[in-house]
Amino acid sequence: MKRSLLGLIAVGVLLLASCGDDDDGGEDASPDETLAPDDTVAPVTGSGNNVQASGECGAGTGEAATGEPIKIGGMATNIPGVDFTWITEMTGAYFECVNDNGGINGRPIEYIAEEEQVDPQQIASLAVKLVEQDQVVGIVGSTSLIECSVNDDYYGEQGFHLIVAGVAQDCFSSPNFSAVNMGPYYSSLGGAQAALRAGAEGTIVVVSPNQPGFDLINSGVVEFAEENDMEGVSILEDVPINDPAGLAQRLVAEAGDGGGVVLDFTGPTVLPLLQAIEQQGLIDSVVWASSTPPNDPSLAAELSDAWNGKFLINAEFNVLDSGEPDQEHMNEVLEQYAPDVPLSSFAQMGYLAGRIATDALLSIEGDITKESVNEAFRGVTNFVSDILCAPWYYDSTTGSNVSNNVDLTVAPEDGNMVQVEECFKITDLPGNPLDEIRAAEEENGLNTG
Amino acid sequence: MPDLKPFLVLGFALGGVFAMSGVGLVVLYRATGVLNLAYGAIGATGALITWSLLDAGWVPDWVAYLACIVFGGAATLLYGVLFGPPFSARDPLVKATATLGLLLILLGAMQWVWGRDPHGITLPTSRWNYDLFDARVSGTQVIGVVFAIVVTTGTAVFLRVTKVGTAMRALADDREITATLGVPVRRVEAAAWLGSGLVCGGAGLLLSNLVGLDIVGLTFLVIPALAAALIGRLHSLWVTLAAGFLIGIVQSSLTAFSEVAEYRTLTPFVLAILALLWFATRRRQTPAGSSR
């Protein structure tokens, strides 16, 4: 009897565990056109007011801020296989550096970073907590699988304009959010463009975590493939992946010989899959590409030389060892204030969100209030950094914000990540607003250095 | 109809490690009444210790690999010695829940010490590859299958022919009566904890190669092993072995079918539930008094 009861309880545990774990308007993106020089963009370099000296952040006074704290909020997803807290931690690290350098006109930033587990009710509650209980005046660095979808209306009602790292497509289709990154939809698309340039033919497969919204994220690659007279296949995979060799076989079977596969997973999740692909002897069967997250030197260090130049990662930001001033500054801040955060694209997102927000806060003349802060955030234009391929701005004026829409490609090489393609424009498609956004950028002088 | 051969081969290899882990769970349960839910977490911690030793280069590689197995044995033995006696008279459900505490402690510790960067171990045997039915089979996969069969056979023989094994079987039947017969219960239980832990460490090392060194992934790979053990009714080593292979093969084969591949990770739950329903149905159909 006891054994039967225990068996039923164990099955209950198993089931609970299972719950824990989800035409026109644009240019035709033919392979030739994708390779066209017009799509290549000269990268910006760190110069001018935005470059900060070693050890300095914000006002750079070198003196600790002691005034009344300015409360800024943030929220990040943290579930098995998806951990975005690196981003809020890095934003918080930059704010700490700002506080050690005079803060915002003598007032320190108090950064309140929450973690969420992809529960809409929890996410809505946390937004209310930040805004109404903690009374934050701005929200910066938030990175969530679904928060943009859940809290868009609430933030709109409250007059908040968030500087985020976007994941869900709603982060890029609302005037209430502007992301320092381009998110998995556009980054996967960039990966597919790189795969096509590398000779992928026939079919392009895109595989993402089986989480809410990722079918929409995959849809860009599918549409891109179809626009190029190829077949597009979307796969959603439970993470962590518990049979990577089987998945590797499936991906190659779906893509067919010479096809392309775009992976859309974080570094710790994708590494076992890459190792299984190598073990199965499938590296050369298709062209392997990826969205941004695996652009992480620690991942390159774990890969064998067999992957040299054969994993095309769309990097929304410059390589981490570019040696450029902003990147070096970020590396210093990370080492001093957030040594536990891996040197990664996620760290770049958190750093940029913090930098942009700090510059906006310092530009406020008069009282620092919810209204003035969010107006300052919304007014950011042409933020220059060598971490980005093109200057960043908040508001495209079209209702959709994809300010970061030009990036590059990196690949592992002898234990490092190296740049293998120049900055290029993410392709516009009938299903995305890039065509309209770029027209607005040109008209309003946005995204220019 | 997709070509299933490579998926069958890969599933057989994966199932071998599920089976081995399941057998380790069953042996411990039979001897101590404890369903060790921290099995995967212990293996994952051992594998990460191995990764650290390899990364630091402080010891020869074989010592680093051995460290995973030794950690599995030591951590499990330590838990058994410290918490086994106080929980010995408690309900199996309480004992199982207590191991959830160990799981959470290890999970937190792993994420604190190793959690952020990607990690990977490549055993030398993973480089010994040969092709079989369009799948590339590595030495590690072969070891996984062979080790599962060897562990099951060895355990079955051990339980049958040795004094300690006989004592373990007696404990499984009735702990109190066995104790009154003069069997050193705590020592026998410690042996079960140690043996189960060593298998756990070995499984962790193999799984870190076959599935990847992902903290959460490895920790919760106890689930397929638990399902195999349930199908074996927490008693039969051979049924557990077969169930482990079955789970691996079915799950891997479903990968080949696009329509259902998304749901293949449900395989352990579905098979375990079907087995429990079948056991329940069979018990109802058995006339009262006809059971042994």
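A salt bridge is a side-chain nitrogen of Lys or Arg within 4 Å of a carboxyl oxygen of Asp or Glu. In this predicted model, B:R264 and A:D243 make such a pair, with 3.0 Å between their closest N and O atoms. That separation lies within the 4 Å limit, so the pair qualifies as a salt bridge. Between chain B and chain A the count of salt bridges is 2, and 11 residue pairs are in polar contact, both partners being at pLDDT 80 or more.

On the chain B side, the elements that give two or more residues to the surface touching chain A are α1 (5-32), α4 (92-114), β2 (135-138), α9 (215-219), α10 (222-231), α11 (237-254), α12 (258-261) and α13 (267-285). Sorted by class, this side of chain B holds 29 nonpolar, 15 polar and 10 charged residues. In all, 54 residues of chain B are in contact with 47 residues of chain A. Together the two chains bury about 4100 Å², and carbon and sulfur atoms account for 60% of this area.

Turning to the interior, the largest nonpolar core has 144 residues, of which A:Y155, A:L251, A:L263 and A:W288 touch the most other members. Helix α12 (residues 345-362) of chain A gives the most to this core, contributing 10 residues. The surroundings of A:L251 can be followed residue by residue: leaving aside residues up to four places away in sequence, A:L251 touches A:V205, A:V207, A:I235, A:V261, A:L263, A:L273 and A:W288. Another core, of 81 residues, lies apart from the largest one and includes B:F18, B:V199, B:A225 and B:I247.

Definitions and conventions:
Residues numbered from 1 in each chain as written. Chains lettered and ligands numbered in written order. Predicted model: local features only at pLDDT ≥ 70, side-chain atom pairs only at ≥ 80, totals over all residues. Heavy atoms only, no water. Contact = heavy atoms within 4.5 Å. Buried area = accessible area lost by both parts, 1.4 Å probe. Polar contact = N/O pair within 3.5 Å; in protein donor to acceptor, adjacent residues only side chain to side chain. Helix = DSSP H or I, 4+ residues; strand = E, 2+ residues; numbered from the N terminus. Nonpolar A, V, L, I, M, F, W, Y, C, P; charged D, E, K, R; others polar. Core = buried A, V, L, I, M, F, W, Y, C linked by side-chain atoms within 4.5 Å. Buried < 20%, exposed > 50% of the residue type's maximum accessible area, 1.4 Å probe, protein only.
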